[in-house]
Amino acid sequence: MDVREVHEFLNGMWESIFRLNEELKAELPELGFKVEDVEEVFGAYIYLDGEWKLMKYPHPAFEIKPQGEVGVTLQGYYFVFAIPKEKVGRELVERFVESFDEAFIYGGTNFLDDIYGPTKRASVDEIMELIAQSDEEVFQFEADFKSVDELKKGLMEFITFAKALGALEV
């Protein structure tokens, strides 16, 4: 392990998420969102080798109230939004899975069991059936990205269509 490379990588993660946080604090309030400060998040999971694994170390993230979180882990940048079951419609699911290559849909309680993900693909009809049959009250819609710029672009796209479809409480 090259300590200098790890150090530079971690600094880059934190610097980029702080910068994005400041940008979104200026842009998202006009859309009805409140952007919280960056925090150290413990107890999160990372998707490795086709499964979710506990991270015993912190990563930087911040909330977009209501319903969202944006952050970065060793695997990359992400956003995740909690959508109440009654607001998860076919068009939302369809737009989400078509828009993001690295997309996940999972329950708010049973978050380690994906309904949809990179290794668990399903049709929109299958996803809707699994959601309808589930006891979950909230579903998490997560998308992962390789860069902070891709994250911001994807986040703004998601907010636009999710808000238009009534899935976001703003």
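Start with the whole chain in view: its radius of gyration, taken over C-alpha atoms, is 16 Å, which agrees with the value near 15 Å for a compact globule of 170 residues (the rule is 2.2 Å times the number of residues to the power 0.38). This is a predicted model, where local features need pLDDT of at least 70, side-chain atom pairs count only at pLDDT 80 or more, and totals for chains, interfaces and linings use all residues. Residues are numbered from 1 along each chain as its sequence is written, and side-chain values use heavy atoms, leaving out hydrogens and water.

Next, show the C-alpha trace, which spans about 50 × 40 × 25 Å along its principal axes.

Now switch to cartoon and count four helices and ten strands (DSSP runs numbered from the N terminus: helices are H or I with at least four residues, strands E with at least two). Following the sequence, you will meet α-β-β-β-β-β-β-β-α-β-β-α-β-α.

Colour by burial next: 44% of the 170 residues are buried, meaning under 20% relative accessible area with a 1.4 Å probe, protein chains only.

Then select helix α3, residues 124-133. Which residues of α3 are buried? They are Val124, Ile127, Met128 and Ile131. These four lie on the same side of α3, because they cover an arc of only 95° around the axis (the arc of the directions from the helix axis to the C-beta atoms).

Finally, add α2 (90-99), β8 (103-107), β9 (114-116) and β10 (138-145) to the selection: the buried residues of α3 pack against them, with contact meaning heavy atoms within 4.5 Å.

Notes. Buried < 20%, exposed > 50% of the residue type's maximum accessible area, 1.4 Å probe, protein only.
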